[in-house]
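Grab your viewer and work through the exercises below. Try each task on your own before reading its solution.

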Amino acid sequence: MSTSNYAGIEDQYAGLDNASIVLIPVPYDGTSTWQKGADKGPDAFLDASRNMELYDIETDTEVYQHGIYLADPVSENSSPEKMVDAVHAATKKYIKRNKFVTLFGGEHSISIGSIRAFNEMFENLSVLQIDAHADLRKTYDGSSCNHACAVYEASQNTNLVQVGIRSMDSIELGINDEEKIFYAHEMVQDDYWSEKATEALTENVFITIDLDGFDPSICPSTGTPEPGGLFWYETLDFLRGVFEEKNVVGFDIVELCPNPNEKSSDFLAAKLYYKMLSYKFKDIALEGEEGYDADKGFAKAGLKKMKNINED
């Protein structure tokens, strides 16, 4: 067993050719404005993953057997713009290889590149954002690739649905459709928020999760923890429904700022990632039976064919 693989899985499940899933680490923390440390998030997440049980009780599956390839980290950090371009290129490369592509950050600005790649590849894409912050500024601190701008581009080019929002600037009001923003203070009084949020999504969905979307009582190790966030089982219940009703084409998880004296946040991130994979693959046969085939899986929702599938 190799400890260099995701979760320490055996090499037979970790090679790119046979893996259905690709995990791209992006250790970037170039634009955060308060607590630094998100660049250490991928290593802490991977360390926690290697200490996690790989049988998922809820789905009665061992999703790692579908193969999880740990890609080389995206290490570009010379500027926010160049980082976004590098994430975009890496993400698109693996989508074209017919993989289920996931990313782990790093701060939320990495999602600009990942969302851009998925939007170029899939028709009528929805972006589901779970977050404490709206992240809808067009520019911030002189850049449109700042963490405060993480989903501005998505609000203009995709169907953006935001869940758990409880912090924003007045200049962000009106940028996204208010009917597709689920504010935390309203969610707590609405027993049907999860159904409404799911209904607001189109068939193809990319999920971006900022860990500050969780309540800091269960996930304190993040750059800007905000009180009043989501809890574990209500989040899983919501995500399970999205995976069951929609075609989730990929996801990223961001903003883990590890604290050596507080490991529970690292483990929450590790379990969340594995849970989401388990929901995606629970009804997909293992390789050698029918296996994961992105083209087949996405056919009903409409894979956007590139003008030239081999273009850079």
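## Exercises with worked solutions

**Exercise 1. Find what the side chain of Asp210 does for the backbone of Asp212, then place both residues.**

Keep in mind that this is a predicted model.

Step 1. Start with the pair itself: a polar atom of the Asp210 side chain sits 2.9 Å from the backbone nitrogen of Asp212.

Step 2. Now locate them. Asp210 belongs to strand β7, residues 204–210, while Asp212 is in the loop between β7 and α7 (232–245).

Step 3. Check accessibility, with under 20% as the cut-off for buried. Asp210 comes out at 2% relative accessibility, so it counts as buried. Asp212 is at 3%, so it is buried as well.

Step 4. List the neighbours, leaving out residues up to four places away in sequence. Asp210 touches His108, Ile130, Asp131, Asp135, Thr222, Val254 and Glu255. For Asp212 the list is Asp131, Ala132, His133, Arg166, Thr222 and Thr224. The His133 contact includes a polar one, with 3.0 Å between the side chains of Asp212 and His133.

**Exercise 2. Which residues does UniProt list for "binding site", and how far do they spread in sequence and in space?**

Step 1. Go to the record. The unreviewed UniProt entry gives His108, Asp131, His133, Asp135, Asp210 and Asp212 under "binding site".

Step 2. Compare sequence with space. These residues are spread over 105 residues of sequence, yet they cluster in space, with 12.3 Å as the largest C-alpha distance.

Step 3. Tie this to Exercise 1. The contacts of Asp210 include the listed residues His108, Asp131 and Asp135, and those of Asp212 include Asp131 and His133.

**Exercise 3. Look for unusual backbone geometry at Asp135, at Glu255 and between Gly105 and Gly106.**

Step 1. Recall the background: most residues other than glycine have a negative phi, and most peptide bonds are trans.

Step 2. Take Asp135. Its phi is positive, about 55°, although Asp135 is not a glycine. You'll find Asp135 in the loop between β4 (125–130) and α4 (152–157), and at 8% relative accessible area it is buried.

Step 3. Do likewise for Glu255, where phi is near 70°, again positive in a residue other than glycine. Glu255 sits in the loop between β8 (247–254) and α8 and is buried, with a relative accessible area of 8%. Both Asp135 and Glu255 are on the contact list of Asp210.

Step 4. Finish with the peptide bond: Gly105 and Gly106 are joined in cis, with omega about 25°. Gly106 is in the loop between β3 and α3 (110–121).

**Exercise 4. Describe how α1 packs against α8, and say what else α1 packs against.**

Step 1. Two packed helices are described by the angle between their axes and the distance between the axes. Here the angle is about 70° and the axes of α1 and α8 are 8 Å apart.

Step 2. Classify the angle. Values from 65 to 115 degrees count as roughly perpendicular, so that is the label for α1 and α8.

Step 3. Name the contact residues: α1 brings Ala44, Phe45, Ala48 and Ser49, and α8 brings Asp266, Phe267, Ala269, Ala270 and Tyr273.

Step 4. Widen the view. α1 is mostly covered, with 7 of its 9 residues buried: Gly41, Pro42, Ala44, Phe45, Leu46, Ala48 and Ser49. Besides α8, these buried residues pack against β1 (21–26), β2 and β3 (100–105).

**Exercise 5. How many salt bridges does the structure hold, and what does the one between Asp56 and Lys275 tie together?**

Step 1. The total is 13 salt bridges.

Step 2. Zoom in on Asp56 and Lys275, whose closest N and O atoms are 3.0 Å apart. Asp56 lies in the loop between α1 (41–49) and β2 (68–70), and Lys275 lies in helix α8 (residues 264–281), so the pair ties together parts 219 residues apart in sequence.

Step 3. Check burial. Asp56 is buried at 6%, and Lys275 is buried at 10%.

Step 4. Follow the connections outward: Asp56, Glu58, Asp237, Arg240 and Lys275 are linked in a network of salt bridges.

Step 5. For contrast, try Lys40 and Asp39, which meet in a salt bridge of 3.1 Å. Lys40 is partly exposed at 48% relative accessibility, and Asp39 is partly exposed at 27%.

Definitions and conventions: Residues numbered from 1 in each chain as written. Predicted model: local features only at pLDDT ≥ 70, side-chain atom pairs only at ≥ 80, totals over all residues. Heavy atoms only, no water. UniProt positions renumbered as here; feature names shortened; annotations may be inferred. Helix = DSSP H or I, 4+ residues; strand = E, 2+ residues; numbered from the N terminus. Buried < 20%, exposed > 50% of the residue type's maximum accessible area, 1.4 Å probe, protein only. Contact = heavy atoms within 4.5 Å. Polar contact = N/O pair within 3.5 Å; in protein donor to acceptor, adjacent residues only side chain to side chain. Salt bridge = Lys/Arg side-chain N within 4 Å of Asp/Glu carboxyl O. Axes fitted to C-alpha atoms, helices over the stretch in contact; angles between N-to-C directions. Parallel < 35°, antiparallel > 145°, perpendicular 65-115°, else oblique.
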